[in-house]
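Colleague: I'm new to this, so can I ask how you back up the words you use? Let's have a look at the model together.

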Amino acid sequence: MRSSRRHPLLVPVVLCALAVLAARPTGATDGDGGSGTAVGTRVARLYEEAAKATEQYERGRREAEAQRSKAQHYEELLDEQRQEIAAMHEDLGSIARAQYRSGGGLPLTARMILTDDPDELMRGQHALQRADLAVDTAIGRSLRAEARLAAAEARATAAWQALEKRNGELADLKAKIEGKLLAARARLEGQADASVAAGSCPGAVRLDQPGTRSTPAWVTPVETYELSASFGSGGARWANRHTGQDFAVPVGTPVRSVGEGRVVKVACGGAFGIQVVLQHPGGYYTQYAHLAAVAVDQGERVAAGQWIGQSGSTGNSTGPHLHFEVRVTSEMGSALDPVPWLRQRGARL
């Protein structure tokens, strides 16, 4: 069951979950590594690289569109200039024809001898000369403007082509990162499933935390997501009713503590797979289940927004997601609807 409430995802979808990732995991190696910890950090690092490539690609695409619009604007200006120049040429032809009909074919001295009013002839001649000069000046100005506009259009087209080339390179980079990410996520998920089957939790994957910024007292457990199965919904996967809110996210997405608290449980096995339970001030508990890796140990103090694990699909799960619960005790059977509970505390879903 999918909720119609959606948070916007970045394109492509596989890169969506961590567009805000800004720090490299501690202890990451260049290779995939052999341990669950190494693979977990590798996944987090690849998410970071993919997010940066996506951001560069989107910025380049916006710049290319701006250049395209600029080139089109230049072409429109050129068309207007060409029309104005054509009109000026037509006016010049009309002046030349008028001069010829008024005796313009004769030398000025001959016309002065034949005219009844030499002063009037000279005034007309001066007017024609001023008109010719004005037309010549306008034509020169328009031709220079046309040359400038054509040069600007050429520069804009060249810049647009360069941006298109760069975007193609970034698209190739994203495709390579995506391939690595898919392989690393599959390996992380496989190791998580093996740990659950063996009943032994993997060691904590120590991730560098998000960069220093103002964090509200209460946040959502993941930053970018789709809401899926909601609290109280029915289905064959649950003995009674769904006891939490599911957040659909890819494997390896960092999961964060919704508020300040203490880790009271890190467990593996059973329907919830790998899970973390936190105790918060006021007597409330939150659970984060179906994880692929944990980033904290039991007894640790955590802050709001601190990464405490990575999402997965361990336990009774049909696909990658985070199962999130709010309880009045640390055990099952005391769950509350987590969505209004978070909203009452200012977390925006």
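**Asking for reasons**

Colleague: What makes you say that strand β5 (residues 274-280) is largely enclosed by the rest of the structure?

Modeller: In this predicted model, six of the seven residues of β5 are buried, so the strand is largely enclosed. The word "buried" is for residues under 20% relative accessible area.

Colleague: Why are β4 and β5 called a pair?

Modeller: A pair needs at least two bridges. Strand β4 (residues 261-267) and β5 have five, running in the antiparallel sense. One of the partnerships links Ala267 with Gln275 in β5. Six residues sit between these two strands in their hairpin, where Gly269 has a positive phi near 90°.

Colleague: And how do you know that β5 pairs with β6?

Modeller: Again, at least two bridges are needed, and β5 and strand β6 (residues 284-294) have six, also antiparallel. Gln279, for instance, has Tyr285 in β6 as its bridge partner. This hairpin has three residues between its strands, and Gly282 in the turn shows a positive phi of about 95°.

Colleague: Over to helix α3 (residues 118-198), where Asn167 is found. Why is Asn167 called buried?

Modeller: Its relative accessible area is 7%, and the cut-off is under 20%, so Asn167 counts as buried.

Colleague: Which residues does Asn167 touch, leaving aside its neighbours within four places in sequence?

Modeller: Asn167 is in contact with Tyr57, Gly60, Arg61 and Ala64. As for Gln56, its C-alpha atom is 8.5 Å from that of Asn167, though the two residues are 111 apart along the chain.

Technical notes: Residues numbered from 1 in each chain as written. Predicted model: local features only at pLDDT ≥ 70, side-chain atom pairs only at ≥ 80, totals over all residues. Heavy atoms only, no water. Buried < 20%, exposed > 50% of the residue type's maximum accessible area, 1.4 Å probe, protein only. Helix = DSSP H or I, 4+ residues; strand = E, 2+ residues; numbered from the N terminus. Contact = heavy atoms within 4.5 Å.
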